[in-house]
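Here are my notes on the model you sent over. I've kept them as numbered points so you can go through them with the structure open.

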Amino acid sequence: MENQHQAKLSSSELSQLWVGYTQDTLTVCTMKYFLQIVEDPDIRPIIEQALALSETHVQKLTALFQLDKRPVPIGFTEQDVNVMAPRLYSDPFLLDNVKQTTQLGMQMYSQAIALCARHDVRQYFSDCLQESLQLYNWTIDTLLSKGLFVRSPYIDTPNQVDFVTKQHFMSGWVGKQRPLLSLEIANLYANLQRNALGTRLLTGFSQVVRSKKIQEYMIRGKEISSKHLQVFSKILQENDLPASIPWDEGVTDSTVPPFSDKLMLFQVTSMNALGVAYYGTAVSTTFRRDLLVDYTRLIAEIGKYAEDGANLLIENGWMEEPPRMIDHDGLAKR
C-alpha cells in the first residue's frame, strides 16, 4: 500500500494549500488590526479566535510545504498591516467581516477536501472546516443576540406539492411574471448582503489607500457594488419582498491606512473572483429569464473590473505567481 505521507503533493493539493496560505496570511493581518480597534467585549474573543486559527493554519501550511520541499509562499506579512492606525471600521462591521470570512473558509475547505487525496492534507482541511464551522456559529449567535443579523425574507408557500406544467415558469421578460422561487430569493438576498459589505469595505479602502490610481479603482468598485446592490434590491421590492441591509454604515472618517495598498488591492480582486463565483451559483438555480439576463450582465461587469485589478497587481509587482509546471520547452531553447 502506498505510504500517503511520503507521496508528493499533487497539483490539486498544491493549489489548495497555496490559496489557503495566501488567504490565512491576509486574515492574520486584518485580524491583528481588528483586535486593536474592537471595543465590544462580546466581539473581541471572536476576533481573537479568528486570529489564533489563522496563525495556526500558517504554521501548519508552512510545515506541509517544507515537508514536500516546496518554496513557502510569501503571502502577506507584518509589513502589510499597521495595527496602530486609527479605527476605520465599526465593531458591527468587524463582526460581519468575520462572518463573511468564515463563510468563504467553509466553502474553500469543503472544495479542498473533495480535490485532495493525501491523508494528511485531507485531515488538515477537515480540521479547518470544523474550526470554521464553530467560529461561524459563534459569530451568527452573536449577531443574533445583538440584533445585527439581517434575516432573509419570510415567504408563504402553497399548501400542496406541485409540478411545473407550463413554459411560463421560465418567462420573465414580458407579461405576467411568476413569483420568485425560494432558491432565487435566497441567492438574491445573499448577493444583496455581500454587495452591502463590499460597498462599506471599498468606502474605507478608498479613504486610506495611498496610490491615486488604486484609489480610483476602489471608488469605481464602490460604484459597481452600489449599483449591484440597487439591482438586487429592486428585484426583491418588485416582488413585494423586503431588501434589508445592515443599518450600520460601518466606516469612520479616518484617512490613515491600516493596510498596505498591496493587501487592499489583493483583497478587492479576491472579492471580485468570489462575486463571479456566487453569481454563477445563482445562475445555476435561477429559471426566470429576466434574472438570468441580469446575472449575466453583472458577471461581465465584475469580470472586466477584476481584470483591471489583476493588471494593477501585475503593474506594481504584487501578484505572486501560483505554483506552475516547469517550462521544459523554454529551458531546452536557452
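1. Start with helix 5 (residues 182–208) and helix 7 (residues 261–284), whose axes come within 11 Å and cross at roughly 165°. Keep in mind that this is a predicted model. With a cut-off of over 145 for roughly antiparallel, helix 5 and helix 7 are therefore roughly antiparallel to each other. Their crossing is left-handed.

2. Who makes that contact? On the helix 5 side you'll find Asn187, Asn191, Arg194, Asn195, Gly198, Leu201, Leu202, Phe205 and Val208. Helix 7 answers with Met264, Gln267, Val268, Met271, Tyr278, Tyr279 and Ala282. Sorted by class, the contact of helix 5 with helix 7 comes to 10 nonpolar, five polar and one charged residues.

3. Phe205 deserves a click of its own. Setting aside neighbours within four places in sequence, phenylalanine 205 is in contact with Met264, Gln267 and Val268, and also with Tyr89, Met218 and Phe259. Phe205 turns up again in the largest nonpolar core, a set of 67 residues. There, Phe205 is one of the residues that touch the most other members, along with Leu17, Tyr33, Ile47, Tyr89, Leu94 and Phe125.

4. Which elements feed that core? Two or more residues each come from helix 1 (11–37), helix 2 (44–67), helix 3 (91–115), helix 4 (119–145), helix 5, helix 6 (212–238), helix 7 and helix 8 (289–315). Helix 1 gives the largest share, 12 residues. Apart from this core lies another one, of 17 residues, including Val231, Phe232, Tyr279 and Tyr295. Tyr279 is also among the helix 7 residues that meet helix 5.

5. Now for helix 2 and helix 3. Their axes come within 11 Å and cross at roughly 35°, and the crossing is left-handed. Ile46, Ile47 and His57 of helix 2 make the contact with Leu94, Leu95, Val98 and Tyr109 of helix 3. By class, the residues of this contact divide into six nonpolar, one polar and no charged. Ile47 and Leu94 are worth a second look, as both are listed among the core residues that touch the most other members.

6. Is threonine 199 buried or exposed? Threonine 199 lies in helix 5. Its relative accessible area is 13%, and buried means under 20%, so threonine 199 counts as buried. Not counting residues up to four places away in sequence, threonine 199 touches Lys222, Ser225, Ser226 and Leu229.

7. For the opposite case, go to the loop between helix 4 and helix 5, where tyrosine 154 lies. Tyrosine 154 has a relative accessible area of 68% and is exposed. Try the distance from tyrosine 154 to serine 182: they are 28 residues apart in sequence but 9.5 Å apart in space, C-alpha to C-alpha.

8. Last, the whole chain. How many helices and strands are there in the protein? There are nine helices and zero strands, so to speak an α-α-α-α-α-α-α-α-α pattern read along the sequence. Of the 334 residues in the protein, 48% are buried. Among contacts between residues at least 6 apart in sequence, 85% join residues at least 24 apart.

Note on methods
Residues numbered from 1 in each chain as written. Predicted model: local features only at pLDDT ≥ 70, side-chain atom pairs only at ≥ 80, totals over all residues. Heavy atoms only, no water. Axes fitted to C-alpha atoms, helices over the stretch in contact; angles between N-to-C directions. Helix = DSSP H or I, 4+ residues; strand = E, 2+ residues; numbered from the N terminus. Parallel < 35°, antiparallel > 145°, perpendicular 65-115°, else oblique. Left-handed = near helix turned anticlockwise from the far one by under 90°. Contact = heavy atoms within 4.5 Å. Nonpolar A, V, L, I, M, F, W, Y, C, P; charged D, E, K, R; others polar. Core = buried A, V, L, I, M, F, W, Y, C linked by side-chain atoms within 4.5 Å. Buried < 20%, exposed > 50% of the residue type's maximum accessible area, 1.4 Å probe, protein only.
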